[in-house]
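User: I would like to go through this structure as a series of short questions, with the reasoning set out before each answer.

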Amino acid sequence: LIVAWCVPCLVSLDTLQELCRKEKLTCKSIGITKRNLNNYEVEYLCDYKVVKDMEYYLVKWKGWPDSTNTWEPLQNLKCPLLLQQFSNDKHNFLSQVKKSKAITLKDNNKALKPAIAEYIVKKAKQRIALQRWQDELNRRKNYKGMIFVENTVDLEGPPLDFYYINEYKPAPGISLVNEVTFGCSCTDCFFEKCCPAEAGVLLAYNKNQQIRIPPGTPIYECNSRCQCGPDCPNRVVQKGTQYSLCIFRTSNGCGWGVKTLVKIKRMSFVMEYVGEVITSEEAERRGQLYDNKGITYLFDLDYESDEFTVDAARYGNISHFVNHSCDPNLQVFNVFIDNLDTRFPRIALFSTRTINAGEELTFDYQMKGSGDISSDSVDHSPAKKRIRTVCKCGAVTCRGYLN
């Protein structure tokens, strides 16, 4: 077990698996379990051929290196799902290259073209990698809703330089510690003078926990000092995402996106936007790099000042993958809960209308919580002027550029 955890960055996965088997060690993270330590379980199918009218598949055994792959007759394989995936991947490849003929060898044996087999293996490895990433995301999240991952478009796997977090990550030198010193003593926060009233604003939610205040108005939720319990109607954002969402590969060239797997009612809380909190000066520097790549993950915390920015490029949650639209179905609101420092509002995304299952979630990168999406609201800071990023949202009202 010590070997399995100490050397993964120094040797290949195949070598690790062989070491574990020789030492009779189990390591779930690399596929070595008690179940397959001495047994063979099909992980995926690599290739196909027909010999004397007998169908064979090249099998990759779970937890075993590629050097142990073997050709097995179809009748010995009890893995209908993997067989179906193999068939689907083959047909997907053929439909892409518009070729459907297998190679016919001189001895009349049939086999897949090497390019097809190579694609099928890559797709199988991608499927495993995305499943592991999905499991990791669900282990890290701290809310009810589940996260799913899907890519039926290309061979792109999990992002290599992205780390899932649930709340703001302050950059060195920035302190987000500003705990509240008092809370409400309401028995029913919906009817009594609660935290919003103390802050001079209206309670943000109705009895169905839908937002009822106009964009640009801050949300003050009950905090850790309040005497109300977790079922308080003024605790919505802090409960986290309640919906099952899917990170999926878009077919319009926008990379990854996020879609909902369930119906979301209008004016409902969907997710928070989190990332690394940096200074505006650092954001200016990073903005140059992002502009050159045609991407943007910078969100200015400009509720009352313009000192800090949230950068979700490397650290973030599922909102990292939400795409821009000039006709969005999500709206930005500033939220204050345990930290009342107006320089560090939490950024919450609420639905602007009913969003049906399977629909992509989007928000307008220029909104900044103001509710004003006219051209006058665009941030024209020097960082935004350098390179204009073309918008691909396809909306009728598309402005043509993200910035």
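**Strand pairing, packing and cores**

User: Which residue of β15 stands opposite Asp-300?

Analyst: This is a predicted model, in which local features need pLDDT of at least 70 and side-chain atom pairs count only at pLDDT 80 or more, while totals for chains, interfaces and linings use all residues. Residues are numbered from 1 along each chain as its sequence is written, and side-chain values use heavy atoms, with hydrogens and water left out. β14 and β15 (residues 308–311) run antiparallel and are joined by four bridges, where two strands pair if DSSP finds at least two bridges between them. Within β15, the residue opposite Asp-300 is Thr-309.

User: Which strands form the edges of the open sheet that holds β13 and β15?

Analyst: That sheet has four strands, in the order β8-β13-β15-β14, and its pairing is mixed. The edge strands pair on one side only, and they are β8 (169–170) and β14 (298–301).

User: What angle does the direction of helix α6 make with that of β13?

Analyst: Helix α6 (residues 280–293) packs on this sheet and touches β13 (276–279), β14 and β15, contact being defined as heavy atoms within 4.5 Å. Axes are lines fitted to C-alpha atoms, for helices over the stretch in contact, and angles run from 0 to 180 degrees between N-to-C directions. On this basis, the direction of α6 makes with that of β13 an angle of about 105 degrees.

User: How many strands, alongside the helices, are there in the protein?

Analyst: Helices (H or I, at least four residues) and strands (E, at least two) are DSSP runs, numbered from the N terminus. The helices of the protein are seven, and the strands number 20.

User: Which strands stand at the edges of the sheet that holds β10, and why is one side of each left without a neighbour?

Analyst: β6 (residues 147–150) pairs with β10 in the parallel sense over four bridges, whereas β10 and β11 (residues 256–260) run antiparallel and are joined by five bridges. The three strands form an open sheet in the order β6-β10-β11, with mixed pairing. Each edge strand has a single partner strand, so one side of it has no neighbour in the sheet, and the strands concerned are β6 and β11.

User: By how many degrees, on average, are neighbouring strands of this sheet turned against each other, and what angle does helix α4 make with β6?

Analyst: With direction ignored, neighbouring strands are turned against each other by 25 degrees on average. Helix α4 (residues 114–140) packs on the sheet, touching β6, β10 and β11, and its direction makes with that of β6 an angle of about 160 degrees.

User: Are the residues of β10 that point one way and those that point the other way buried or exposed?

Analyst: Leu-245, Ile-247 and Arg-249 point one way from β10, while Cys-246 and Phe-248 point the other way. Buried means under 20% relative accessible area and exposed over 50%, with partly exposed in between (1.4 Å probe, protein chains only). Five of the five residues of β10 (residues 245–249) fall under the first term, and both groups are therefore, by that definition, buried.

User: Over the face of which residue does Arg-249 lie?

Analyst: The bridge partner of Arg-249 in β11 is Trp-256. A charge sits over a ring if NZ of Lys or CZ of Arg is within 6 Å of the ring centre and within 35 degrees of the ring normal. At 5.2 Å from the ring centre, Arg-249 lies over the face of Trp-256.

User: Which residues do ring pairs link into a cluster with Trp-256?

Analyst: Rings of Phe, Tyr and Trp (its six-membered ring) pair if their centres lie within 6.5 Å, with planes under 30 degrees apart counted as stacked, over 60 as edge-to-face and the rest as tilted. A search of the whole structure finds 18 aromatic pairs. The cluster links Trp-256 with Trp-133, Phe-162 and Phe-321.

User: Which residues touch the most other members of the largest nonpolar core?

Analyst: A nonpolar core is a set of buried Ala, Val, Leu, Ile, Met, Phe, Trp, Tyr and Cys residues joined through side-chain atoms within 4.5 Å. Leaving aside neighbours within four places in sequence, Leu-361 is in contact with residues including Leu-245, Val-258 and Met-271. Of the 51 residues in the largest core, those touching the most other members are Met-271, Val-277, Leu-361 and Phe-363.

User: How many residues make up the other core, which includes Val-59?

Analyst: Val-59 has Thr-70 as its bridge partner in β3. The core that includes Val-59, together with Val-42, Trp-64 and Leu-112 among others, lies apart from the largest one, and its residues number 19.

User: How many Å separate Asn-69 and Val-59 in space?

Analyst: Asn-69 lies in the loop between β2 (54–61) and β3 (70–73), two strands that pair in the antiparallel sense over four bridges. Asn-69 and Val-59 are 10 residues apart in sequence, and their C-alpha to C-alpha separation in space is 5.4 Å.
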